[in-house]
Amino acid sequence: MPPFKPFATAANTLRARLTPSLRTRGGGGGPSRWTTPGHEERPKGFAFNRTPEPAGQSRKWEDWELPCYLTSFLTIVILGVGLSVKPDLTIETWAHQKALERLESEASQRANSD
């Protein structure tokens with residue numbers, strides 16, 4: 001069997017080079033912001049883990065909510081109007097109209113020949 005010393009040396013060199021970069025990118029070098037003391041381990045049981053406001057107070061909107069709701073509403077309106085008035089450009093509709101035109105022209109030709 002071949003000796004494992006070159007493999008061990010290469011592994012140690014690679015580990016020495018990668019260890020500092022792992023520490024700076026949050027991998028293993030200290031407490032994580034998700035596991036530090038003070039974070040809850042279990043949810044409270046409320047929607048979005050928020051405690052309800054005291055009685056008589058309404059929740060204050062966050063900065064992103066008004067633009068998001070307005071954009072969503074306008075998108076639904078524009079799509080609803082746009083899709084309800086779009087022209088019917090399917091091949092079946094076109095073929096049906098062409099067939100009706102041919103039948104009308106044949107009927108008018110028969111009426112003229114009689």
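Colleague: Hi! Which residues do ring pairs link into a cluster here?

Modeller: Hello! Ring pairs join Trp-61, Trp-64 and Tyr-69 into a cluster. Please keep in mind that this is a predicted model.

Colleague: Good to know. How many aromatic pairs does the structure hold?

Modeller: There are 2 aromatic pairs in the structure. In one of them, Trp-61 meets Tyr-69 edge-to-face, with 5.4 Å centre to centre and 80° between the planes.

Colleague: Why does that pair count as edge-to-face?

Modeller: The planes of Trp-61 and Tyr-69 stand at 80°, and planes over 60 degrees apart count as edge-to-face, so the pair gets that name.

Colleague: And is Trp-61 buried or exposed, or something in between?

Modeller: Trp-61 counts as partly exposed, at 47% relative accessibility. Its partner Tyr-69 is partly exposed too, with a relative accessible area of 40%.

Colleague: Let's zoom out. How many helices and strands does the chain have?

Modeller: The chain has 3 helices and 0 strands. Going along the sequence, you would read the pattern as α-α-α.

Colleague: What share of the residues count as buried?

Modeller: Just 1% of the 114 residues count as buried. As for the surface, the chain has about 11200 Å² of accessible area, and 62% of that belongs to carbon and sulfur atoms.

Colleague: Can you show me a buried residue? Where is Glu-65, for example?

Modeller: Glu-65 sits in helix α2. Its relative accessible area is 3%. Buried means under 20%, so Glu-65 falls in that class.

Colleague: What does the side chain of Glu-65 reach?

Modeller: That side chain reaches the backbone nitrogen of Glu-62, at 2.6 Å. Glu-65 also forms a salt bridge with Arg-59, where the closest N and O atoms are 2.9 Å apart.

Colleague: Which residues is Glu-65 in contact with, leaving aside its neighbours within four places in sequence?

Modeller: With those neighbours set aside, Glu-65 is in contact with Arg-59 and Lys-60. So Arg-59 turns up again here, as both a contact and the salt-bridge partner of Glu-65.

Colleague: Is Arg-59 buried or exposed, or in between?

Modeller: Arg-59 counts as partly exposed, at 38% relative accessibility, whereas Glu-65 counts as buried, at 3%.

Colleague: How many salt bridges does the structure hold?

Modeller: It holds 2 salt bridges. Besides the one between Arg-59 and Glu-65, the side chains of Lys-98 and Glu-101 meet in a salt bridge at 3.7 Å, N to O.

Colleague: What separates Lys-98 and Glu-101 along helix α3?

Modeller: They are 3 residues apart in helix α3, so about one helical turn separates Lys-98 and Glu-101. Lys-98 is partly exposed, with a relative accessible area of 35%, and Glu-101 counts as partly exposed at 45%.

Colleague: New topic! Which residues form a nonpolar patch on the surface?

Modeller: That patch is formed by Phe-73, Leu-74, Val-77, Ile-78, Val-81 and Val-85. Together these residues have about 600 Å² of accessible area.

Colleague: Where is Val-85 found?

Modeller: Look at the loop between α2 (65–84) and α3 (91–113), and you will find Val-85 there.

Colleague: Last one: why does Val-85 count as exposed?

Modeller: Val-85 has a relative accessible area of 62%, and exposed means over 50%, so Val-85 counts as exposed.

Conventions. Residues are numbered from 1 along each chain as its sequence is written. This is a predicted model: local features need pLDDT of at least 70, side-chain atom pairs count only at pLDDT 80 or more; totals for chains, interfaces and linings use all residues. Side-chain values use heavy atoms; hydrogens and water are left out. Patches are made of residues with over 30% relative accessible area and no salt bridge: like charges are joined within 9 Å, nonpolar side chains (Val, Leu, Ile, Met, Phe, Trp, Tyr) within 5 Å. Accessible areas come from the Shrake-Rupley method with a 1.4 Å probe; for residues, only the protein chains shown count as cover. A salt bridge is a side-chain nitrogen of Lys or Arg within 4 Å of a carboxyl oxygen of Asp or Glu. Helices (H or I, at least four residues) and strands (E, at least two) are DSSP runs, numbered from the N terminus. Buried means under 20% relative accessible area, exposed over 50%, partly exposed in between (1.4 Å probe, protein chains only). Rings of Phe, Tyr and Trp (its six-membered ring) pair if their centres lie within 6.5 Å; planes under 30 degrees apart count as stacked, over 60 as edge-to-face and the rest as tilted. A polar contact is a pair of N or O atoms within 3.5 Å; within protein, one must be able to donate a hydrogen and the other to accept it, and residues adjacent in sequence count only if both atoms are side-chain atoms. Contact means heavy atoms within 4.5 Å.
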